[in-house]
Amino acid sequence: MARRVAIIGAGASGLVSIKTCLDEGLEPLCFESSDDIGGLWRFKENPEPDRASIYHSVIINTSKEMMCFSDYPIPAHFPNFMHNSLIMDYFRMYADHFQLIKHIRFNTKVLQVNQRPDFSRSGQWDVETQDKDGKKEKLIFDAVMICIGHHCHPHMPIHDFPGIETFTGKYFHSRDYKTPEEWRGKKAVVIGIGNSGGDISVELSRVAKQVYLSTRRGSWVLNRVSDNGLPLDMLYSKAQMIHGQMLPYGMMNSIAEAKLNRRFDHGLYSLKPNHRLFSQHPTLNDELPNRILSGTVQVRPNIRRFQGSKVEFDDGSAVEDVDLVVC
């Protein structure tokens, strides 16, 4: 009798986990709390509680050559960097090709996962689930795979800023941002220069009166497109493998940082961080330097406080009549 494996979540990790279990002769059963596959990459106009949510324009930062499942290449006619809708198309093709859907229970939440009383001998788990009608069920599995990701709950540090209760504009997390049209002609402050912060700053800057990008420590900013027009991550993976065996860590950082600064000097753009390039996740954004140079995005340090519609920054500068703050 095949060993039973519970898989929690039917996103990118959950789908490939089902397929891998089948390859190994195991009996997978995947529990998905929503009504569809895709997880993070399934766009929905209205964010759902306890679920990741993306904005309409999201394009993945990983090229198809580097992100595809090894046993099912992404079709040749798909672009190198895919819009979220194409990623969903790929997941559906993958699930259909390997007949994964029949192993998924949709609209089913996992309430508890506990070791069985005889776990030291059997290694088995009790998994309690609940369907959309509220019916609960306990099942026994030989293994459990957690595939729910880590973008479910927004981090909103905005209440750490003095005076936020006086702010007269609107503020929310990037998971609640969908499209820029509502903010045409407005002033916006974006807090954080991760990939979402960079994307939203650029997108808002096309319609907003002015966008201010607040960052505590800056970031190294990379292009998706690298030498000779090839995807950056293809070249980076090869270079890292070769250089990592030949060059000291500090020298690798210095060479790569010098190349990035030849594209644009991060210090002149108020983006130069204290950390080295390879010590933290960089920001991938093809347009941010152009937007800063054109003045539609202005880089500012951390926010010191709010006063009504006024936002004051750590360097003493301030912006009046702010309509929107996005974390």
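**Exercise 1. The hairpin**

Find the hairpin formed by strand 14 and strand 15, and describe its turn and its pairing.

*Solution.*
Step 1: Strand 14 and strand 15 form a hairpin with 2 residues between them. Strands here are DSSP runs of E with at least two residues, helices are runs of H or I with at least four, and both are numbered from the N terminus.
Step 2: Look at Gly308 in the turn, which has a positive phi of about 65 degrees.
Step 3: Now follow the pairing: strand 14 (residues 303-307) and strand 15 (residues 310-313) are antiparallel and share 4 bridges. Two strands count as paired if DSSP finds at least two bridges between them.
Step 4: Pick out partners. Arg305 has Glu312 in strand 15 as its bridge partner, and Gln307 stands opposite Lys310.
Step 5: Widen the view to the open sheet, where 3 strands are arranged antiparallel in the order 14-15-16. Its edges are strand 14 and strand 16 (318-319), each pairing on one side only.

A word on the model before going on: this is a predicted model, in which local features need pLDDT of at least 70, side-chain atom pairs count only at pLDDT 80 or more, and totals for chains, interfaces and linings use all residues. Residues are numbered from 1 along each chain as its sequence is written, and side-chain values use heavy atoms, with hydrogens and water left out.

**Exercise 2. A parallel sheet and its helix**

Work out the strand order of the open sheet with 4 strands, then place helix 1 against its strands.

*Solution.*
Step 1: The order is 3-2-1-7, and the pairing is parallel.
Step 2: At the edges are strand 3 (104-105) and strand 7 (143-146), each with pairing on one side only.
Step 3: Zoom in on strand 2 (residues 27-31), which is joined to strand 3 by 2 bridges. Here Phe31 has Arg105 in strand 3 as its bridge partner.
Step 4: Add helix 1 (residues 12-23), which lies across strand 1 (4-8), strand 2, strand 3 and strand 7. Helix 1 runs at about 170 degrees to strand 1. Such angles run from 0 to 180 degrees between N-to-C directions, with axes fitted to C-alpha atoms, for helices over the stretch in contact.

**Exercise 3. Buried or exposed?**

Decide whether helix 5, Lys187 and Pro49 are buried or exposed.

*Solution.*
Step 1: Set the cut-offs: buried means under 20% relative accessible area, exposed over 50%, and partly exposed in between, using a 1.4 Å probe and protein chains only.
Step 2: In helix 5 (residues 195-205), 10 of the 11 residues are buried, so the helix is largely enclosed by the rest of the structure. Among them are Ile200, Val202 and Leu204.
Step 3: See what these buried residues pack against: strand 9 (187-191), strand 10 (210-214), strand 12 (283-284), helix 8 (288-293), strand 13 (297-300) and strand 17 (324-326).
Step 4: Lys187 lies in strand 9 and is buried, with a relative accessible area of 18%. The residues that Lys187 touches include Gln210, Val319 and Leu324, leaving aside residues up to four places away in sequence. Contact means heavy atoms within 4.5 Å.
Step 5: Pro49 sits in the loop between strand 2 and helix 2 (64-67). Pro49 is exposed, at 73% relative accessible area.
Step 6: Link two of these regions: the C-alpha atoms of Pro49 and Glu203 are 25 Å apart, with their positions 154 residues apart along the chain.

**Exercise 4. Empty spaces**

Describe the largest cavity and the second largest pocket.

*Solution.*
Step 1: Fix the terms. On a 1 Å grid over the protein atoms alone, a cavity is a set of points where a 1.4 Å probe fits but cannot get out; a pocket is an open set with protein on both sides within 12 Å along at least five of seven lines; lining residues have an atom within 4 Å of a point. Grid points are joined across faces, edges and corners, and a volume is the space filled by probe spheres set on the points.
Step 2: The whole structure holds 1 cavity of 30 Å³ or more. The largest cavity has a volume of about 60 Å³, and its lining includes Gly39, Arg42 and Ile54.
Step 3: The second largest pocket has a volume of about 890 Å³. Of its 32 lining residues, Leu222, Leu232, Tyr236, Ala256 and Leu277 lie nearest its centre.
Step 4: Strand 11 (221-222), helix 6 (232-243) and helix 7 (249-263) are the elements giving two or more residues to this lining.
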